[in-house]
Amino acid sequence: MASTILRRATSSVIKSSLLTEASRRSYASVAVGTDILSAASQVSLQKARSWDEGVTSNFSTTSVNDIFKGKKVVIFGLPDCYMHDLDIYDVTILSSYNAEIGSGGAYTGVCSQQHVPSYKKNIDKFKAKGIDSVICVAINDPYVMNAWADKLQAKDVIEFYGDFDGSFHKSLELGKDLSAALLGPRSERWSAYVVDGKVKALNVEGAPSDFKVSGAEVILEQI
């Protein structure tokens, strides 16, 4: 009984914090027509990799120019963890779940069960439309992103990048501060169709837990 009460109380506090953050959220400055190559000209991302691969490559990064210049790209971003994911956890393992969040937090319900799979299952449709690459990016390190991509068996069809310090999302004003919910810097849940660095279509969810406009099916219709 005590365990159930504590679990509900903890979940309620987190939900309240996230809803407050969502109500204060200002929409991204990036818009259709934005040139990402200019807006994030000094930014580099880290492609998903193992630690050994990082050492071998001297911890190389990939510039925004290399990712977008002269290419047709579909990119989507993940905020990582939200309240409905916490509801399935008993308070007895909440502490270990929080430890997972602290190390990256990619292994969650909407992200793992809906967002990434929607792109994975539609990869052939994107290729048929001439898309050069489908990219998943999150404010995370490349090692967690690599393990997550392997778990989802999506690394062969989707390119995963870690925005390890949030610079990419900050440059586009797609960042979100969820410190009130003990989650730290995160990002909006979003998707974009980008041609030679220019944003041709942009979808930003209205709330962190939403999955209404940022999935593959929506952006396929916008290409």
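# A tour along the sheet and its surroundings

Select strand S1 (residues 44–47) and strand S5 (residues 159–162): they pair in the antiparallel sense over 2 bridges. Strands pair here if DSSP finds at least two bridges between them. The element names follow DSSP runs, numbered from the N terminus, with helices (H or I) of at least four residues and strands (E) of at least two. Within this pairing, Gln46 stands opposite Gly162 in S5.

This is a predicted model, in which local features need pLDDT of at least 70 and side-chain atom pairs count only at pLDDT 80 or more, while totals for chains, interfaces and linings use all residues. Residues are numbered from 1 along each chain as its sequence is written, and side-chain values use heavy atoms, with hydrogens and water left out.

**The whole sheet**

Now show the strands together. They form an open sheet of 7 strands with mixed pairing, in the order S2-S1-S5-S4-S3-S8-S9. Strand S2 (62–63) and S9 are at the edges with a single partner strand each, so one side of each has no neighbour in the sheet.

Go to the S9 edge. Strand S8 (residues 190–195) pairs with S9 in the antiparallel sense, over 6 bridges. Select Trp190 to find the residue that stands opposite Val204 in S9.

**S4, H9 and S5**

Return to S5 and add strand S4 (residues 133–138), which pairs with S5 in the parallel sense over 4 bridges. Ile135 stands opposite Glu159 in S5. With helix H9 (residues 142–152) added, S4, H9 and S5 make a right-handed β-α-β unit. To check the hand, look with the strands pointing away from you: the path from the first strand over the helix to the second runs clockwise in a right-handed crossover.

Stay on H9 and select its buried residues: Pro142, Val144, Met145, Asn146, Trp148, Ala149 and Leu152. Buried means under 20% relative accessible area, exposed means over 50%, and partly exposed lies in between (1.4 Å probe, protein chains only). An α-helix has 3.6 residues a turn, so residues three or four places apart point the same way.

Both ends of H9 are worth a stop. At its start, a side-chain oxygen of Asp141 comes within 2.9 Å of the backbone nitrogen of Tyr143. Just after H9, select Gln153, which takes a positive phi of about 50°.

**The loop before S1**

Select Ser41, in the loop between helix H2 (36–39) and S1. Ser41 is partly exposed because its relative accessibility is 46%. Its side chain and that of Gln42 are joined by a polar contact of 3.4 Å. A polar contact is a pair of N or O atoms within 3.5 Å; within protein, one must be able to donate a hydrogen and the other to accept it, and residues adjacent in sequence count only if both atoms are side-chain atoms. Add Ser171: its C-alpha is 8.9 Å from that of Ser41, although the two are 130 residues apart in sequence.

**Two salt bridges**

How many salt bridges are there? The count comes to 2, where a salt bridge is a side-chain nitrogen of Lys or Arg within 4 Å of a carboxyl oxygen of Asp or Glu.

Select Asp35 and Lys198, whose side chains meet in a salt bridge (3.7 Å, N to O). Asp35 is in the loop between helix H1 (2–24) and H2, and Lys198 is in strand S9 (residues 198–204), so the pair ties together parts that are 163 residues apart in sequence. Asp35 is partly exposed at 23% relative accessible area, and Lys198 is partly exposed at 33%.

Next select Glu217 and Lys121, which form a salt bridge with the closest N and O atoms 3.8 Å apart. Glu217 is in helix H11 (residues 216–222) and Lys121 in the loop between helix H7 (109–120) and helix H8 (123–128), distant parts of the chain 96 residues apart. Is Lys121 buried or exposed? At 64% relative accessibility Lys121 counts as exposed, whereas Glu217, at 38%, counts as partly exposed.

**The loop between S9 and H11**

Select Ser214, in the loop between S9 and H11. Ser214 counts as buried because its relative accessibility is 0%. The side chains of Ser214 and Glu205 make a polar contact of 2.8 Å. Gly215 lies in the loop between S9 and H11 and is buried at 5% relative accessible area. The C-alpha atoms of Gly215 and Trp190 are separated by 8.4 Å, with their positions 25 residues apart along the chain.
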